[in-house]
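Subject: Structure handover

Hello,

Here is the structure you are taking over. Please open the sequence and the model side by side, then read the notes below.

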Amino acid sequence: MFLSRASRLLLPILPVSRVRIPVFATAAKMSSDSSKSAFSSSPYSFPDVPAEGAIAKLSGVDAKDPKAVSESQWKTVLSPEEFHITREAGTEPKFSGKYDKFFKPGKYNCICCGADLFVSDDKFNSGCGWPAFSKSVDGDKNIIRIPDHSYGYERTEVRCKQCNAHLGHVFDDGPKETGERYCINSVAVNFLEKPE
Ligand SMILES: [Zn+2]
């Protein structure tokens, strides 16, 4: 009796802790050593190119507070596909995104608010059908991680810290030094090419 009750209590907890502890431990390790070496010579340091995001098209909205933008306001400045993926946590079809097999030098910003998210130095071809990055700008400076239990999987969703846009997920099966793979919707980001 006691054993069966204990197993009922433990079962929902164990899979979550197995997934989350390594993910956050890796993120903490990354943040201590990724900022200076990884980005000092990367496209992230190129002179400020306006990366305003769709929020710039809204009149009367303080661009410094993207969280104040309502969902109905986002709807007026995003395409239906952009709105569905970023504001309703949708997913673009596999291998359909314009940045899946795209490797020009530059940086990737949030399509909604323009926050710096990824740089091309950290992009790799994962073969999974979506753009993949081994790390985000400045150790998740503009990204939040949220446990996602949908569809029967234990995953970690990544969102823009500035405007809460859904970007994709991060997995701990990356081939590079971080061991992580950010699996990102092309629709959720804007690419800015590094100036010559
Ligand atoms: Zn954003």
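Two residues are in contact if their C-beta atoms, placed from the backbone, lie within 7 Å. By that rule, and not counting residues up to four places away in sequence, Val189 touches Tyr99, Tyr108, Asn109, Cys110, Ile111, Leu117 and Ile184. Please keep in mind that this is a predicted model.

Overall layout

The chain has 196 residues, of which 36% are buried. Its secondary structure comes to 4 helices and 9 strands. Along the sequence the pattern is α-α-α-α-β-β-β-β-β-β-β-β-β, with the helices written ahead of the strands. If you take the contacts between residues at least 6 apart in sequence, 61% of them join residues at least 24 apart.

The core

Which residues touch the most other members of the largest nonpolar core? They are Cys110, Cys112, Leu117, Cys160, Ile184, Ala188 and Val189, in a core of 32 residues. Several elements give two or more residues to this core: strands E1 (106-110), E2 (116-119), E4 (132-133), E6 (155-160), E7 (166-171) and E8 (181-184). Val189 itself has both Cys110 and Leu117 among its contacts, as well as Ile184.

The sheet

An open sheet is formed by 6 strands, in the order E3-E4-E8-E7-E6-E5, with antiparallel pairing. Strand E3 (123-124) and strand E5 (143-148) are the edges, since each pairs on one side only. Strands of a sheet pair through backbone hydrogen bonds, either parallel or antiparallel. Within this sheet, E7 and E8 are joined by 4 bridges in the antiparallel sense. One position to look at is Val170, whose bridge partner in E8 is Tyr182.

Helix H4 and the loop before it

Where do the buried residues of H4 lie, seen down the helix axis? The buried residues in question are Glu82, Ile85 and Thr86. They fall within an arc of 90°, so they line one face of the helix. Strand E7 is included in what covers the buried residues of H4.

Leu78 sits in the loop between helix H3 (71-77) and H4. Is Leu78 buried or exposed? A residue counts as buried if 20 or more other C-beta atoms lie within 10 Å of its own. Leu78 has 22 other C-beta atoms within 10 Å, so Leu78 is buried. Leaving aside neighbours within four places in sequence, the contacts of Leu78 are Ala54, Phe83, Thr86 and Cys112. Thr86 is one of the buried residues of H4, and Cys112 is among the core residues that touch the most other members. The C-alpha atoms of Leu78 and Lys57 are separated by 9.6 Å, and the two residues are 21 apart along the chain.

Two residues with positive phi

Helix H4 (80-87) is followed by a loop that leads to E1, and Ala89 lies in that loop. Ala89 is not a glycine, yet its phi is positive, about 55°. Ala89 counts as partly exposed, because it has 17 C-beta neighbours inside 10 Å.

Phe95 lies in the loop between H4 and E1 as well. Its phi is near 60°, again a positive value in a residue other than glycine. What is the exposure of Phe95? Phe95 has 11 other C-beta atoms within 10 Å, so Phe95 is exposed.

Regards

Note on methods: Residues numbered from 1 in each chain as written. Predicted model: local features only at pLDDT ≥ 70, side-chain atom pairs only at ≥ 80, totals over all residues. Core = buried A, V, L, I, M, F, W, Y, C linked by C-beta atoms within 7 Å. Buried ≥ 20, exposed ≤ 12 C-beta atoms within 10 Å, placed from the backbone. Pairing = 2+ DSSP bridges. Arc of directions from axis to C-beta.
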